[in-house]
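Please consider where charged side chains pair in the structure shown below, and how exposed or buried the partners are.

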Amino acid sequence: MFEVPSNLIMEKVGARLWLSRIMITWAIVSMAFAFVQGPVSFFVLRFLLGVAEAGFYPGVLLYFTYWFPAATRARILALFCAGIPLSNIIGAPLSGWLLGFESQGLHGWQWMYILEGIPTLALGFVALWGLPDNPAKASFLSKREKEIVLARLDQDPKGHVHGFGPMVRDWRVWALIIPDFCIVFGIYSLGFWMPQMVKAMGYSNMQTSLIVMIPYIASLGILWGIGVRSDRTGKRAEHFILSALTAAAGFAIAALGDGSPVIVVIGFCLASGGVYSGLSTFWTVPPLFLGGTAAAGAFALINCVGNLSGFVGPGLMGYLLQATGSYRVGMLMCTVVPLLAALSMKLLINSLHRQPLDDRRLR
């Protein structure tokens, strides 16, 4: 509900104020979870958390368009999206250790919320102090450097759809919700259920957290490789399709691994690399035909609907686990969903054969 208004506000007030506001309030609400007393306080904080963090991801996507030309955007998005698996690499063993930590009358899960919220809070104030709204306001750039950055951005083909109204009426924006929903579906399903599947093989909490690091480490290489190749070739949609097919193959291997830890982890490595590289390559597509307020609104609109898969994916996995007593059916479902992502993007590309030349850059 708050994603689109948040991004439109950021376009008006600037990235420094708005992104720092998001991070500071997000951290405070996250840390407050340590003091939840029951269902009511949990649900209230969960709603406030959604309000606080709404607009961060699409806001950063919009911010990148102010700084980086299209020719380098996939690798920049890959670096940004690498923060997700990196946070899991660091956070998984840290969280596993904190869960067993008791001190000052607080349980481990409470310390986890408090301590893991501190970096976000601190970086929020760092952003408030030093994040420039755009290259023209960057104090660390010389006048000549600012001219070079702005000149490179001016050379980019401009998206021909501008304004919030035209964006809402453009069918391509709504069509792009499908591949985004599907790839985010895989991210959330992997994040929620991969640790539980590993633990179900007989590992302890700490062993599970260490094993889960392996797919996230592997995903960094896949994420960067596909991002660089997307920039070199300029084929944005095709690299999203490649990512989605990689994710589907990974989920299929994990589903059919017959409980073999090595095979299942190999599957998770491919699945993790596929979904995260899919996330980064996907967001190189909308700016090819959107600009200004249209880009700001579309980033948020697509992201807010796509994030609903964070409820649908893990929820369906849990239902199928209860119904069948096995993770296999859920993993097979996760195999089909990225295939749908690839198919929907392919259909979108094919439909553009009859579009004006500017639109064909989507391919």
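In this predicted model, aspartate 231 forms a salt bridge with arginine 236, and their closest N and O atoms lie 2.8 Å apart. Both aspartate 231 and arginine 236 are buried. This pair belongs to a wider arrangement: salt bridges with shared partners join Arg75, Asp231 and Arg236 into one network.

A search of the whole structure finds five salt bridges. Side chains of opposite charge can pair when their charged atoms come close.

Another of these contacts links arginine 172 with aspartate 170, whose side chains meet at an N to O distance of 2.8 Å. The relative accessibility of arginine 172 is 4%, so this residue counts as buried. Its partner, aspartate 170, has a relative accessible area of 10% and is therefore buried. The cut-off behind both assignments is a relative accessible area under 20%.

A further salt bridge is found within a helix. The side chains of glutamate 147 and arginine 144 meet there, with 3.5 Å from N to O. Both residues lie in helix α8, which spans residues 143-155, and they are three residues apart, about one turn of the helix.

How exposed or buried is each partner of this helical pair? Arginine 144 counts as exposed because its relative accessibility is 55%, and the cut-off for that class is over 50%. Glutamate 147, at 39% relative accessibility, counts as partly exposed. The helical pair thus joins an exposed arginine 144 to a partly exposed glutamate 147, whereas aspartate 231 and arginine 236 are both buried.

Terms used. Residues numbered from 1 in each chain as written. Predicted model: local features only at pLDDT ≥ 70, side-chain atom pairs only at ≥ 80, totals over all residues. Heavy atoms only, no water. Salt bridge = Lys/Arg side-chain N within 4 Å of Asp/Glu carboxyl O. Helix = DSSP H or I, 4+ residues; strand = E, 2+ residues; numbered from the N terminus. Buried < 20%, exposed > 50% of the residue type's maximum accessible area, 1.4 Å probe, protein only.
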